[in-house]
Amino acid sequence: MCTFVHMDRNTLEAPASRRRLALFALFFVPGLSISSWVTRTPDIRDLLGASTAEIGLVLLGLSVGSMVGILSAGPLVARFSTRPMMVLGTALILLSMPTIGFGASSSQSGVVTAGLLLFGLGMGGLEVALNVEGADVEKALDKSVLPALHGSFSLGTFIGAVAGIIFTATEYPVLHHLLIVGGIDLLILVVAIRQISPRVGKTDHVAGASGAATRGGLGALLRDGRLLIIGAVVLAMALAEGTANDWLPLVMVDGHGFDAALGSAIYAVFAASMTIGRFCGGWFIARYGRAAVLCASAVAGVAGLAVVIFVDNQVAAGAAVILWGLGASLGFPVAISAAGASGSQSAARVSFVATLGYVAFLVGPPVLGFLGEHFGLRSALIVPLALVVIAAFLAPHIALRRGQLQESNIR
């Protein structure tokens, strides 16, 4: 039976190295897309004539869409595998781009909210599927892959941010900008999806062999204390990253007095820091282990956030964003990798922890918008700061003990 499955995978699926390259391209899509509209949020706000609190409500569309996509992604991946979810998720993202652009250009907040809802649905489902597929490729290659894959996401955010700076500075229409991004997304999907496995994450073909392992379902995962710790770390670090994706340009414009173009430039610095941290992270993980890298990342994130919040100096704030980006860079991918290695049923564990992490995308934007309206955006950042402090204390506890490590290797 084992030999048959091995031969079937070799004949029906692309090699792991080609799957990895395809994942690099597909991780790039949400990064490019999110930074493209984030860098235009000052322009979108002005086109809509919206207050900070109203922008928070518009972003609620993103939060709701993300949560629906995330909560449905796990069962859908288990039923249909990762590839259909990647097609659907990427298609929704590319459709969201012209929707957001049209809503902004016509000053219709409802249309922008609908576009962000589409984006959230697509990104929520796509991110879970990408991480399940990435964890499978990581096991197939027997080396750290997820940080570099998330580095491709960050590379997308950096390139999108640089383009956003140029388009903002030249007052290029938001609609035309986002139409270009949607076209790039479509091209990447058509080229890359062919290399993705047709059945990673799908459980029905192994149900008979692993029925006993899956009988506990969600209850078994909820009783796994170490997995819950990993989920808490993911939530905190995802909020630190997501806060920058949603609010960093406005924090710099409203909280530190930068103009719109410089606010977008600071976001590009954050994206570049994330990219560097993720592409370099594999070496540190191999040398020091996941727990130590996660702890160091959280400490760096705390330092960067604290300076942005409490130091009233533009140069210091701009420099601190580098620490913020480096600190947030490895939190999510390293914790996801730890979840995949924490026991049997790797796909279910990755999906479960990713879902916990993406809760940050539901509560983050509207809560920070509400707090920002009443206390200022800089003060609102105390919420993610506090959670990242907690993550720094929890990170050492995700390390596998020797007996657990041997058991995980056997599995």
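The questions and answers below go through the core, one surface patch and some salt bridges of a predicted model.

Residues are numbered from 1 along each chain as its sequence is written, and side-chain values use heavy atoms, without hydrogens and water. Because the model is predicted, local features need pLDDT of at least 70 and side-chain atom pairs count only at pLDDT 80 or more, while totals for chains, interfaces and linings use all residues.

Me: Which helix gives the most residues to the largest nonpolar core?
Reply: A nonpolar core is a set of buried Ala, Val, Leu, Ile, Met, Phe, Trp, Tyr and Cys residues joined through side-chain atoms within 4.5 Å. The largest one has 110 residues, and Trp 37, Met 86, Met 252 and Trp 324 touch the most other members. Helices are DSSP runs (H or I, at least four residues) numbered from the N terminus. The one that gives the most to this core, with 14 residues, is α11 (residues 225-256).

Me: Is Val 308 buried or exposed?
Reply: Val 308 lies in helix α13 (residues 290-310). Its contacts (heavy atoms within 4.5 Å), leaving aside neighbours within four places in sequence, include Met 252, Val 321 and Trp 324. Buried means under 20% relative accessible area, exposed over 50%, and partly exposed in between (1.4 Å probe, protein chains only). At a relative accessible area of 0%, Val 308 is buried.

Me: Which helix gives the most to the nonpolar surface patch?
Reply: Such a patch joins nonpolar side chains (Val, Leu, Ile, Met, Phe, Trp, Tyr) within 5 Å, from residues with over 30% relative accessible area and no salt bridge. Leu 57, Leu 60, Val 64, Val 68 and Leu 117 make a patch of about 380 Å². Leu 117 lies in helix α6 (residues 109-141). With four residues, the helix that gives the most is α4 (residues 52-80).

Me: How far apart in sequence are the parts tied together by Asp 224 and Arg 349?
Reply: A salt bridge is a side-chain nitrogen of Lys or Arg within 4 Å of a carboxyl oxygen of Asp or Glu. Asp 224 and Arg 349 form one, their closest N and O atoms being 2.9 Å apart. Asp 224 lies in the loop between α10 (217-222) and α11, and Arg 349 in helix α16 (residues 346-375), so the parts tied together are apart by 125 residues.

Me: In the salt bridge of Asp 312 and Arg 378, which residue counts as exposed?
Reply: The two side chains meet at 3.2 Å, N to O. Arg 378 has a relative accessible area of 15%, so this residue is buried. At 64% relative accessibility, the exposed residue is Asp 312.

Definitions and conventions. Helix = DSSP H or I, 4+ residues; strand = E, 2+ residues; numbered from the N terminus. Patch = residues over 30% accessible without salt bridge, like charges linked within 9 Å, V, L, I, M, F, W, Y side chains within 5 Å. Areas by Shrake-Rupley, 256 points an atom, 1.4 Å probe, with all protein chains shown as cover.
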